[in-house]
Amino acid sequence: MNVLAINSSPKKDKSNTSLILNPFLDGMKEAGAKVELFYTGDLTIKPCTGEFHCWVKHPGECYQQDDMQQLYPKLREADILVFATPVYVDGITGPLKNFIDRMIPLVKPLFELREGHCRHPPREDGNKGKLVLVSNCGFWELDNFDPLVVHMKALCKNMSRTFAGALLRPHGPAFSYMLRSGPSADDVVKAAREAGSQLVRNGQISDETLLTVSRDLLPLDPYVEEINKRFKQALESTNK
Ligand SMILES: Cc1cc2nc3c(=O)[nH]c(=O)nc-3n(C[C@H](O)[C@H](O)[C@H](O)COP(=O)(O)O)c2cc1C
């Protein structure tokens, strides 16, 4: 089973996103999957220029010669695609959106109706695998991920993939400092690893496991107080 994971946090392996993504990928590896991880921060992926070369002039091929070219074969072979992103202004990061837009060579231009809705047919060599979202955010509430989950579900319908769930970590900065200061959030890391193993072994992730990944780590008010204290200290230290 081939897994292609894209981590789009600019902080790469030092990111809060990695704190969930990496154990998830470890769980998949332990269950026997071949996992490849790329950081958009290490890649040059230019924005789509919108000219439909990949649909009309050279069907199935993007004319832009950048790092996306090495990823197309991997995308076509990916049984599981993992998009990992921090929440940036209620959405995914810009580099991940560029990556997603550059996926249109994998589908054909003609419209077809599926369940009464316009879609693009996949190319013959296009893989119809699964897609998982991994995300973390700074705000406390779980509903900060709603726009991203809606986006990923729509993308799956458009690109003929199956949405296999989302590992969502609200109040991500608290997760980071709790892991550094003790074992109190270890169950969340364990659940992320278990999610990877379940997906490879059973083809799905249990709701219970996903709930543990997203569980409240501390109440809202102390979290807001702690974050504000840290930002105030940072502002004072730079005399702003
Ligand atoms: C440009 C920018 C926009 C952000 N927008 C949001 C937002 O809309 N909602 C939110 O909850 N957090 C937001 N955050 C906070 C990040 O999601 C949070 O700090 C996260 O833990 C960063 O993850 P990373 O370490 O994986 O990059 C934003 C951060 C940045 C830098």
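**Close-up 1. Glutamate 36 is partly exposed, at 25% relative accessibility, and pairs with lysine 74 in a salt bridge.** This is a predicted model, so read every distance here as computed from predicted coordinates. The closest N and O atoms of glutamate 36 and lysine 74 sit 3.2 Å apart. Lysine 74 is partly exposed too, with a relative accessible area of 24%. Glutamate 36 belongs to strand β2 and lysine 74 to helix α2, so the pair ties together parts that are 38 residues apart in sequence. In the background: side chains of opposite charge can pair when their charged atoms come close. If you go hunting through the whole structure, the search turns up 11 salt bridges.

**Close-up 2. Helix α2, residues 68-77, has a buried side.** Which residues of α2 are buried? They are Met68, Leu71, Tyr72 and Leu75. Looking down the axis of α2, you'd find these buried residues within an arc of 120°, so they line one face of the helix. That fits the usual helix arithmetic: an α-helix has 3.6 residues a turn, so residues three or four places apart point the same way. What do the buried residues of α2 pack against? Their partners are β1 (2-7), β2 (34-39), β3 (80-86) and α3 (94-101).

**Close-up 3. Five strands make an open sheet with parallel pairing.** Reading across, the order is β2-β1-β3-β6-β7. At the edges are β2 and β7 (162-169), each of which pairs on one side only. From one strand to the next, the twist averages 15°.

**Close-up 4. β1 and β2 pair in the parallel sense, with six bridges between them.** For a handy landmark, pick asparagine 7, whose bridge partner in β2 is tyrosine 39. Add helix α1 (residues 16-30) to the view, and β1, α1 and β2 together make a right-handed β-α-β unit.

**Close-up 5. Strand β3 is buried along its run: seven of its seven residues qualify, so it is largely enclosed by the rest of the structure.** Ile80, Val82, Ala84 and Pro86 point one way from β3, while Leu81, Phe83 and Thr85 point the other way. Buried or exposed, on either side? All of them are buried. Toward β1, the link is five bridges between parallel strands, with leucine 4 standing opposite leucine 81. Toward strand β6 (residues 130-136), the pairing is again parallel, over seven bridges. Two places to zoom in on are valine 82, which stands opposite valine 132 in β6, and phenylalanine 83, whose bridge partner in β6 is leucine 133.

**Close-up 6. Histidine 171 sits in the loop between β7 and α5 (172-181).** Loop or not, histidine 171 is buried, and its relative accessible area is 0%. What is histidine 171 in contact with, leaving aside its neighbours within four places in sequence? One group of contacts is Cys137, Gly138, Phe139 and Trp140. Another includes Arg215, Asp216, Leu217 and Leu218, and Tyr223 is also in contact with histidine 171.

**Close-up 7. Aspartate 101 and lysine 97 form a salt bridge within helix α3.** The closest N and O atoms of this pair are 2.6 Å apart. Aspartate 101 and lysine 97 are four residues apart, about one turn of the helix. Both ends are partly exposed: aspartate 101 has a relative accessible area of 26%, and lysine 97 comes in at 33%.

**Close-up 8. Glutamate 226 and arginine 230 meet through their side chains in a salt bridge.** The N to O distance for this pair is 2.7 Å. How many residues apart are glutamate 226 and arginine 230 in helix α8 (residues 220-237)? They are four apart, which means a separation of about one helical turn. Arginine 230 counts as partly exposed, at 38% relative accessibility. Keep Lys229 in the frame as well: salt bridges that share partners join Glu226, Lys229 and Arg230 into one network.

Technical notes
Residues numbered from 1 in each chain as written. Predicted model: local features only at pLDDT ≥ 70, side-chain atom pairs only at ≥ 80, totals over all residues. Heavy atoms only, no water. Buried < 20%, exposed > 50% of the residue type's maximum accessible area, 1.4 Å probe, protein only. Arc of directions from axis to C-beta. Contact = heavy atoms within 4.5 Å. Pairing = 2+ DSSP bridges. Right-handed = clockwise from strand over helix to strand, strands pointing away. Axes fitted to C-alpha atoms, helices over the stretch in contact; angles between N-to-C directions. Salt bridge = Lys/Arg side-chain N within 4 Å of Asp/Glu carboxyl O.
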